[in-house]
Amino acid sequence: MYKSLEEFNAGLDWGMQAGYTTGSCACAAAKAALYAALGREIDLVRVFTPAGVFLDLEVREREISEEIWEGHTLQALRLGIQKYAGDDPDVTDGIDIYAKLLLLEKDLLLRCKDRDSRLLEAALDRNLRAEEENAVWICGGEGVGKVEKKGLDRKIGEAAINSVPRQMIRTHLREVLQEAGSSLDVLVEISVPLGRELAKKTFNPKLGIMGGDFHSGDKRSGAAHEQAGADRYPALGYAGKGGTKSVYRGSPRKLRHGLCRRHLRI
C-alpha cells in the first residue's frame, strides 16, 4: 500500500521531513513528457517510489522542439520538475530536473543507433531490452555526469543515472504506452542545467563521475532522507576498485569528531 509523502513524513521521528530524489524528479518529468507527446497535457504527475511513497509533482516547464531523423521530422518534448530534498542537506534542493522525450518507431531507432551519440550511450545500459516493444532508451544530457572510473553502478561512458531511477522511468513509461495502446519506443534524455556547477560541491569527481551531477537514487529509495544511507554503496564500490585500504563507518557527527581528532589532533 503506497502512502503520500505527507503520510510518510508524519511517521518520521523528531519531526523530520523527507523529500524526494533527483531520480524521482527525472521519472516524473519523463512521464509528464510522454503524456504530452501522446496528446495529454497535465499539470500534476504522479509517480510511485520504491520507498512505498507516491508523489504528485507539479510540471513547471514545457518546451517543444523538432529533430530530423533520416528525413522524418519528430517532435521532442522537454519538461521540468523541481527537486525538493526535505531536511536532507542536498545541493540539488530547489533546482529543476528535465526530461526530453522522443517517440520513435523501432526500425528508425535501430537504423540510427550507431550514428546518434545519445543512442550510443543509452545502448550501454545493461537493462535495455532494445528488441522488446516499448523499449525505453535513457541517456544523460546537459549537467548529468558521465562515469569515468570502475566500481560504480554504471559502466564507464554511461550517464551517472543509477539502476533504481532507470527502472522507475522504464516502468512508468511502459505503463503509459501500454495504456495508450502504443507500440512505439522512447528516447529519454535527462538533464540538470545547473549540474556541472553543483557537482563541484559533491564527491562526484572523486567517485569518477565527471561533467555534472545526478548520481541519484541508488539501491532502493525514492524518499530523499534515505538517500543519505544509500550513498555509501557507490562510494564503497569505488573504494574497493580503487584499492582503498581504510573505510570509516559511523554517523556524520561521530565521523567528523573522530576524523578531526585523528587528522587535526584535536
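**Exercise 1. Contacts of Glu121**

Find which residues Glu121 touches, not counting residues up to four places away in sequence.

*Solution.* Contact means heavy atoms within 4.5 Å. By that rule, Glu121 touches Ile138, Cys139, Gly140, Lys146, Gly157, Glu158 and Ala159. This is a predicted model, where local features need pLDDT of at least 70, side-chain atom pairs count only at pLDDT 80 or more, and totals for chains, interfaces and linings use all residues. Residues are numbered from 1 along each chain as its sequence is written, and side-chain values use heavy atoms, with hydrogens and water left out.

Next, place the residue. Glu121 sits in helix 4, residues 117–122. Helices (H or I, at least four residues) and strands (E, at least two) are DSSP runs, numbered from the N terminus.

Then check burial. Buried means under 20% relative accessible area, exposed over 50%, and partly exposed in between (1.4 Å probe, protein chains only). Glu121 counts as buried because its relative accessibility is 9%.

Last, look at the side chain. Glu121 and Lys146 are joined through their side chains by a polar contact of 3.4 Å. A polar contact is a pair of N or O atoms within 3.5 Å; within protein, one must be able to donate a hydrogen and the other to accept it, and residues adjacent in sequence count only if both atoms are side-chain atoms.

**Exercise 2. Asp96 and its partner**

Which side chain makes a polar contact with the side chain of Asp96?

*Solution.* Start with the position: Asp96 lies in strand 5, residues 96–104. Its relative accessible area is 15%, so Asp96 is buried. The partner is Arg60, and the polar contact between the two side chains is 2.8 Å. Arg60 also appears among the residues that Asp96 touches, together with Glu61, Ile81, Gln82, Val192 and Pro193; residues up to four places away in sequence are not counted.

**Exercise 3. Two loop residues with positive phi**

Are Glu70 and Asn134 buried or partly exposed?

*Solution.* Take Glu70 first. Glu70 is in the loop between strand 3 and strand 4. Its phi is near 50°, a positive value in a residue other than glycine. Glu70 has a relative accessible area of 39%, so Glu70 is partly exposed.

Now Asn134. This residue is in the loop between helix 4 and strand 6 (136–140). Phi of Asn134 is near 60°, again positive in a residue other than glycine. Asn134 is buried because its relative accessible area is 2%.

**Exercise 4. Far in sequence**

How many residues apart in sequence are Arg154 and Asp125, and what is their C-alpha to C-alpha distance?

*Solution.* Arg154 and Asp125 are 29 residues apart in sequence, and their C-alpha atoms are 7.7 Å apart. Arg154 is in the loop between strand 7 (146–147) and helix 5 (163–180). Arg154 is buried because its relative accessibility is 5%. Leaving aside neighbours within four places in sequence, the contacts of Arg154 include Asp125, Arg126, Asn127 and Arg166.

Try a second pair. Ala130 and Lys106 are 24 residues apart along the chain, with 8.5 Å between their C-alpha atoms. Ala130 is in the loop between helix 4 and strand 6. With a relative accessible area of 18%, Ala130 is buried.

Now the whole protein. Among contacts with a separation of 6 or more, 65% are between residues 24 or more positions apart.

**Exercise 5. The nonpolar cores**

Which residues have the most contacts inside the largest nonpolar core?

*Solution.* A nonpolar core is a set of buried Ala, Val, Leu, Ile, Met, Phe, Trp, Tyr and Cys residues joined through side-chain atoms within 4.5 Å. The largest has 47 residues, and those with the most contacts inside it are Val45, Ile81, Leu101, Ile169, Leu173, Val188 and Ile190. Helix 2 (residues 22–37) gives the largest share of this core, 11 residues. A second, separate core of 16 residues includes Leu108, Leu109, Ala122 and Ala135.

Zoom in on Leu173. Apart from neighbours within four places in sequence, Leu173 is in contact with residues including Ala30, Leu34, Leu101 and Val188.

Finish with the totals. The protein has 10 helices and nine strands. Buried residues make up 49% of its 266 residues.
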